[in-house]
Amino acid sequence: MASITLEGLKKTYSGDVHAVKGIDLQIEDGEFVVLVGPSGCGKSTLLRMVAGLETITEGTLKIGERVVNKLEPAERDIAMVFQNYALYPHMTVYNNLAYGLKNRGFKKDEIDQRVQVAAKMLEIEEFLERKPRKLSGGQRQRVAMGRALVRDPAAFLFDEPLSNLDAKLRVQMRVEIKQLQRRLKTTSLYVTHDQLEAMTLGDRLVVLNAGQIEQVGTPMEIYARPATMFVAGFIGSPAMNMLPVDYLKTPGANGLLDNLPEGTDTVGIRPDDMHLTPPTAPHLTVDSTLALFEAAGAESHLYVNLAGSDQPTVIRVSGQPPVAEGETLRFYVPRDALHPFNSATGQRTGD
Ligand SMILES: Nc1ncnc2c1ncn2[C@@H]1O[C@H](COP(=O)(O)OP(=O)(O)OP(=O)(O)O)[C@@H](O)[C@H]1O
Ligand SMILES: [Mg+2]
């Protein structure tokens, strides 16, 4: 096992596409780090540079203490799991698992033992003689993981491995990957654009935007204190509401907006932090009109317009409150739930 260190890592594709603009990151030995960001932000490019499938334009990549910039993928002792599984269709599951080991010159007994151990761990023993096309998507994904597992590599890289699965299976496989990584403690770098997958899987998250890191932290650190408006909007669902301070500066603000950090012109409020009954803590009182009511089973989403503005705002409450579209709705926000930002820089301005 090993740590992975990225120092000033950059990738420029021909045609002046700056896909990755200088990434500094240390992934500790045994850590599970999730790279999360919107489509096109450079996640796959970064992962492929670590794997050795893409050249590094600038910067240094280390696995353990070893600089690996110039090493071939096979020399890096890393296993990658792809979104499209990349299984060999004409080979049985057994041979798909064994193939990489055969290529590396492992003895037949050793190969068999490793394949059996991985198959057992992933519960695919009964499919070993089948071809991939006779497997479900989830089973194929397990085989793809098994192929990484048998190699017992220094690190795993995952590029959106669950995105071809249906929602239910995705959740199930997410839990399995997490449990597997806990058991094996193999250093892992996992790419996804799904913020919930990122939150639930990662020991730490790296939020990427347009080829640059926006924030690094544990899921709860990032959720509780997003460093930028981008992160605030990307992590958490429904997304954090961003409201100009001026919209909230009514008598209902109770003077609580008078001492915001210097430069604050926008406050972020999570949909969960807007309550239909007043909390005991110091809070703002905000009047709005209910534009749309969305019942989602255990919870409801209330889309409201703040009084005197057309600012769309979403409130999440548990259960189904007795409210009707079109009615005036008063909600309450604890002072501690406000996230202060400057809209010009996009940065958080204080606590
Ligand atoms: N081979 C290439 N040549 C030129 N530009 C490329 C190449 N591969 C990727 N890009 C560009 O680099 C940027 C980052 O792409 P990348 O595939 O890393 O994004 P991503 O974050 O993985 O996105 P997605 O979530 O859609 O998979 C994009 O603007 C993309 O168009
Ligand atoms: Mg990608």
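Is Lys134 buried or exposed, and what is its relative accessible area? Select Lys134 in this predicted model and you will find that the residue is exposed, with a relative accessible area of 54%. If you follow the chain on either side, you will see that Lys134 sits in the loop between helix 3 (108-121) and helix 4 (137-149). Now add Arg130, Lys131 and Arg133 to the selection, for these residues form a positive surface patch together with Lys134.

Next, select Glu160, which is found in the loop between strand 7 (155-159) and helix 5 (167-184). With a relative accessibility of 10%, Glu160 counts as buried, because buried means under 20% relative accessible area. While you are there, look at the backbone as well: Glu160 is not a glycine, and yet its phi is positive, at about 45°.

From there, move on to Ala210, in the loop between strand 9 (204-209) and strand 10 (212-217). Here too the backbone deserves attention, since phi of Ala210 is near 50°, a positive value in a residue other than glycine. The relative accessibility of Ala210 is 40%, and this residue therefore counts as partly exposed, a class that lies between the limits of 20% and 50%.

For the last stop, select Ser237 and Pro238 together and look at the peptide bond that joins them, which is cis, with an omega of about -5°. Zooming out a little, you can place Pro238 in the loop between helix 8 (229-234) and strand 11 (241-244).

Key: Residues numbered from 1 in each chain as written. Chains lettered and ligands numbered in written order. Predicted model: local features only at pLDDT ≥ 70, side-chain atom pairs only at ≥ 80, totals over all residues. Heavy atoms only, no water. Patch = residues over 30% accessible without salt bridge, like charges linked within 9 Å, V, L, I, M, F, W, Y side chains within 5 Å. Areas by Shrake-Rupley, 256 points an atom, 1.4 Å probe, with all protein chains shown as cover. Salt bridge = Lys/Arg side-chain N within 4 Å of Asp/Glu carboxyl O. Lys, Arg positive; Asp, Glu negative; His and termini not counted. Charge placed at Lys NZ, Arg CZ, Asp CG, Glu CD. Helix = DSSP H or I, 4+ residues; strand = E, 2+ residues; numbered from the N terminus. Buried < 20%, exposed > 50% of the residue type's maximum accessible area, 1.4 Å probe, protein only.
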